[in-house]
Amino acid sequence: MVTALATANTEGDPVVALVGSVPRNMSAAKTHQSMHLLEVIAPIAKKTQSVDHQDQVADIVLDAFRTAASYPQGVSAVALPLDSGCSPSSYFPFQVILDSL
C-alpha cells in the first residue's frame, strides 16, 4: 500500500487512504495491531489525520478529500479507529447546508 501511495503522490494523483486502527482505548498498548500507520505514511502524503472523536469523522474525511484534490494533488490519509463508528455522533455537518435549501 505504501508503494502505491508514494507513486500516486509523486505523480500528482488525488488519493484518500482510509486506514483502520485499533480502538482508541487500546491505542497506547503495545500490540502487533497497534502499529501507527500514519507515521509510516506521513513522509509520502500531503496530509495525515487521525479521528479522536466520532463527531470529527465527517469533517476530517471531507478535509482529506479537499486536501487530496487541491493543487498540488496528492495523497491524504485518515486513520479511523475501530470504535469510531460504534458510537452515535451528535454532529451533523451537512444539516446547515440542507436547512438553507
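Two strands count as paired when DSSP finds at least two bridges between them. Keep that rule at hand, since this tour of a predicted model starts with strands.

**Stop 1: strands S2 and S3**

Select S2 and S3 together. They are paired in the parallel sense, with four bridges between them, so the requirement of at least two bridges is met. For one contact point along this pairing, pick Lys47, which stands opposite Ser76 in S3. Leave Lys47 highlighted, as the tour returns to this residue later.

**Stop 2: the other side of S3**

Now add S1 to the selection. S3 covers residues 75–81, and its parallel pairing with S1 runs over seven bridges. Two places are worth labelling here. Val16 has Ser76 as its bridge partner in S3, and Ser21 stands opposite Pro81, also in S3.

**Stop 3: the whole sheet**

Show the three strands alone. They form an open sheet, with parallel pairing, in the order S1-S3-S2. Which strands stand at the edges? They are S1 (15–21) and S2 (47–50); each has a single partner strand, so one side of each lacks a neighbour in the sheet. Looking across the sheet, you will find neighbouring strands turned against each other by 15° on average, ignoring direction.

Turn on a surface and go back to S3. Is this strand mostly covered or mostly open? Mostly covered: six of its seven residues are buried. For the protein as a whole, 26% of the 101 residues count as buried.

**Stop 4: zoom out to the full chain**

Switch to a cartoon of everything. The protein has four helices and three strands, and following the sequence you pass through them in the pattern α-β-α-β-α-β-α.

**Stop 5: from S2 over H3 to S3**

Select S2, helix H3 (residues 57–69) and S3. Together these three elements make a right-handed β-α-β unit. Within it, click on Val57, which is found in helix H3. Val57 is partly exposed, with a relative accessible area of 24%. If you draw a distance from its C-alpha atom to that of Leu80, the viewer should give 8.0 Å, although the two residues are 23 apart along the chain.

**Stop 6: the salt bridge**

Stay with this unit and bring back Lys47. Side chains of opposite charge can pair when their charged atoms come close. How many salt bridges does a search of the whole structure find? The search finds one. The side chains of Lys47 and Asp63 meet in a salt bridge, at 2.6 Å from N to O. Lys47 lies in strand S2 and Asp63 in helix H3, so the pair ties together parts that are 16 residues apart in sequence. Both partners can be checked on the surface as well: Lys47 counts as partly exposed at 30% relative accessibility, and Asp63 is partly exposed with a relative accessible area of 24%.

**Stop 7: a nonpolar patch**

For the last selection, choose Val2, Leu37 and Val40 and display their surface. These residues make a nonpolar surface patch of about 200 Å². Val40 lies in helix H2, which spans residues 37–41. At 39% relative accessibility, Val40 counts as partly exposed, because that value falls between the limits of 20% for buried and 50% for exposed.

Key. Residues are numbered from 1 along each chain as its sequence is written. This is a predicted model: local features need pLDDT of at least 70, side-chain atom pairs count only at pLDDT 80 or more; totals for chains, interfaces and linings use all residues. Side-chain values use heavy atoms; hydrogens and water are left out. Helices (H or I, at least four residues) and strands (E, at least two) are DSSP runs, numbered from the N terminus. Axes are lines fitted to C-alpha atoms, for helices over the stretch in contact, and angles run from 0 to 180 degrees between N-to-C directions. Patches are made of residues with over 30% relative accessible area and no salt bridge: like charges are joined within 9 Å, nonpolar side chains (Val, Leu, Ile, Met, Phe, Trp, Tyr) within 5 Å. Accessible areas come from the Shrake-Rupley method with a 1.4 Å probe; for residues, only the protein chains shown count as cover. A salt bridge is a side-chain nitrogen of Lys or Arg within 4 Å of a carboxyl oxygen of Asp or Glu. Buried means under 20% relative accessible area, exposed over 50%, partly exposed in between (1.4 Å probe, protein chains only). A crossover is right-handed if, with the strands pointing away from the viewer, the path from the first strand over the helix to the second runs clockwise.
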